[in-house]
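This briefing covers the open and enclosed spaces in one protein model, along with the contacts made by its aromatic rings. Please keep the sequence and the structure in view while reading.

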Amino acid sequence: MTGYVIAVGAALGMAAAVLLAATAAVLPAPRRDRILRALAQYGTSGAIQIETSHPFTRRVRSITRIVVERLGDAVTSDRDRHRLVQSLDYAGNPVAWPLARVIRVRPLAAVATCGFGAAVGQSVGGGSGGLLGALLGLAGGFLLPRILLHNAGIKRQQQLLRSLPDVMDALVIGVEAGLGLDSAMDHVGRSMTGPMSDELRRVLQEMRLGVSRAEALRSLSARTTVRDLKRLVTALVQAGELGISVANILREHAQDQRVRRRQRAEEMAQKVPVKLIFPVMFCMLPAIFVILIGPAVLQLIKSFQ
């Protein structure tokens, strides 16, 4: 029965490959290639590069890309898409992984993990194990990009929390030296590195595009899960709306951030003994018991014999 299923699957795969090849042969060239060929007639500069691969290969690649994109859009609901956008914001919107690419990767990862799970389940539990492994692999591959994005977002938010006190001190120095808030953020964004300086540069870019400072700061608050940064953004927005001096607010928040950083360090230091209990109990104590009690046990065995 299993061999029959495998044969049917192979036949369906061959039929799908032949269908894709026939479709690629009759489709016209992609629009991008046609535009590049038309532009190439007006000059030979290196700015315009035409793909030199075989037309059949380009068409198959284009069809595969379209199929994967539509499949990803079909399996991604609006609510799931909103969660992916939020996860990308928390992760810093990496350039190499835009939303469209993440959506395309999901069906590919689901198919790959489905095949791997089916192979492992087939080798372990036979036909039923292969079916169960395929289902688990399909679900795991579908959720894998979201899990990776969530993990990247958590790491970046932790980096934001660690770098916030230093950025606050730099902002206080700039404002007290006579710079405005925008100039101080620009100076900190250019002179420092890290996720917090990247967020400040993004706020300034949004303001240059015509967004008000309050809206840009609220967008910053929506892109983070750090409560201290949210409180700072709320205070800056209220100060701008009420006309309050920003220097005093920044100074108070910077002092509060230094205190909180010391408290977090003390909290982590107090957690170390608790975390060491299980390694000591399961790794060190058995070895100590063997060294201390082992010779006595051997002597008792010899005396009884």
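The points below deal with a pocket, a cavity and several aromatic side chains.

The model is predicted. Its largest pocket has a volume of about 360 Å³, while the largest cavity holds about 70 Å³ of space. Aromatic contacts include 1 aromatic pair and rings with an arginine placed over them, one of which is the ring of Trp-97.

**Largest pocket**

- The volume of the largest pocket comes to about 360 Å³.
- Its lining is made up of Ile-154, Gln-157, Gln-158, Leu-161, Arg-162, Thr-225, Val-226, Arg-261, Arg-264, Ala-265, Glu-267 and Met-268.
- At least two of the lining residues come from helix H5 (99–176), and at least two from helix H10 (246–275).
- By residue class, the lining of the largest pocket has 5 nonpolar, 3 polar and 4 charged members.

**Largest cavity**

- Searching the whole structure gives 1 cavity of 30 Å³ or more.
- The largest cavity encloses about 70 Å³.
- There are 13 residues in the lining of the largest cavity, and those nearest its centre are Met-196, Leu-200, Leu-220, Leu-232 and Leu-236.
- Four helices, namely H5, H7 (195–208), H8 (213–222) and H9 (227–242), each contribute at least two residues to this lining.
- The lining of the largest cavity consists of 13 nonpolar residues, with no polar and no charged ones.

**Arginines over aromatic rings**

- Arg-101 has its charged end over the ring of Trp-97, at 4.6 Å from the ring centre.
- Arg-106 lies over the face of Phe-142, 4.0 Å from the centre of that ring.
- Phe-142 is part of helix H5, the helix that also supplies residues to the linings of the largest pocket and the largest cavity.
- Phe-142 counts as partly exposed because its relative accessibility is 23%, and the partly exposed class runs between 20% and 50%.
- The C-alpha atoms of Phe-142 and Ile-103 are 9.9 Å apart in space, with their positions 39 residues apart in sequence.

**Aromatic pair**

- The count of aromatic pairs is 1.
- This pair is Phe-278 with Phe-282, which are stacked at 6.4 Å centre to centre with 5° between the planes.
- Phe-278 and Phe-282 are 4 residues apart in helix H11 (residues 277–304), so about one helical turn separates them.
- Both Phe-278 and Phe-282 are exposed.

Conventions:
Residues numbered from 1 in each chain as written. Predicted model: local features only at pLDDT ≥ 70, side-chain atom pairs only at ≥ 80, totals over all residues. Heavy atoms only, no water. 1 Å grid on protein atoms, 1.4 Å probe; cavity = no way out; pocket = protein on both sides within 12 Å on 5 of 7 lines; lining within 4 Å. Points joined across faces, edges and corners; volume = space filled by probe spheres on them. Nonpolar A, V, L, I, M, F, W, Y, C, P; charged D, E, K, R; others polar. Buried < 20%, exposed > 50% of the residue type's maximum accessible area, 1.4 Å probe, protein only. Phe/Tyr/Trp six-rings, centres within 6.5 Å; stacked < 30°, edge-to-face > 60°. Lys NZ or Arg CZ within 6 Å of the ring centre and 35° of its normal.
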